[in-house]
Amino acid sequence: MEGDQLDRSISVRLCGLRECFEELGVLLVANKGPQTGFSVARTDFDVRTWQADVHDGRKAFGQLYEQLHETPDLWGLYEWSTWMTPTHFRRKRFETAFFLAALNEVCPVLPEDYEVQEYMVRAMP
């Protein structure tokens, strides 16, 4: 690492956590209890206000974790796939990493109106 750069394995996970919160209102935090393999979603704060503030750039995503005295759940994310914009987009191509997180209970999902068109919540029996 040079200067203020984070290792890619950390930075893409932080981006994934931020997008999960910004677009769905789901804040994943490190499990402080016994390690179960499940992620934990915090919902006991003003999610909608924080979601809007992070989306609109009024507050930094890291401030939320600091205020709640939490740690981002970096290692509870499971790398699923990486996609690259097709080659016919010559001017600007993007590489996108996708992650999965397993929760042991269904949490509220608050989709951001302009970015999320549909989502699925599936509870396992």
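User: What makes a pair of cysteines a disulfide here, and how many are found?

Analyst: A disulfide is a pair of cysteine sulfur atoms within 2.5 Å. In this predicted model, a search of the whole structure gives 0 disulfides. C15 takes part in none, as the nearest cysteine sulfur, in C20, lies 13 Å away.

User: How do you know that C20 is not bonded to C107?

Analyst: The closest cysteine sulfur to that of C20 belongs to C107, at 7.7 Å. The cut-off is 2.5 Å, so 7.7 Å is too far for a bond.

User: Why is W83 called partly exposed?

Analyst: Its relative accessible area is 48%. Buried requires under 20% and exposed over 50%; 48% falls in between, so W83 is partly exposed.

User: What makes W83 eligible for a surface patch, and which residues join it there?

Analyst: Patch residues need over 30% relative accessible area, and W83 has 48%. W83 forms a nonpolar patch with Y78, W80 and L100, and together they have about 490 Å² of accessible area. Strand 3 (residues 78-84) supplies the largest share, 3 residues, and W83 is found in that strand.

User: Which residues touch the most other members of the largest nonpolar core, and where does the core draw its residues from?

Analyst: Among its 19 residues, these are L17, F21, L27, F45, F61 and L64. At least two residues each come from helix 1 (8-24), strand 1 (27-29), helix 2 (47-55) and helix 3 (61-68). Helix 3 contributes the most, 4 residues.

User: What does F61 touch, leaving out residues up to four places away in sequence?

Analyst: F61 touches L14, L17, R18, F21, L27 and V54.

Note on methods. Residues are numbered from 1 along each chain as its sequence is written. This is a predicted model: local features need pLDDT of at least 70, side-chain atom pairs count only at pLDDT 80 or more; totals for chains, interfaces and linings use all residues. Side-chain values use heavy atoms; hydrogens and water are left out. Patches are made of residues with over 30% relative accessible area and no salt bridge: like charges are joined within 9 Å, nonpolar side chains (Val, Leu, Ile, Met, Phe, Trp, Tyr) within 5 Å. Accessible areas come from the Shrake-Rupley method with a 1.4 Å probe; for residues, only the protein chains shown count as cover. A salt bridge is a side-chain nitrogen of Lys or Arg within 4 Å of a carboxyl oxygen of Asp or Glu. Buried means under 20% relative accessible area, exposed over 50%, partly exposed in between (1.4 Å probe, protein chains only). A nonpolar core is a set of buried Ala, Val, Leu, Ile, Met, Phe, Trp, Tyr and Cys residues joined through side-chain atoms within 4.5 Å. Contact means heavy atoms within 4.5 Å.
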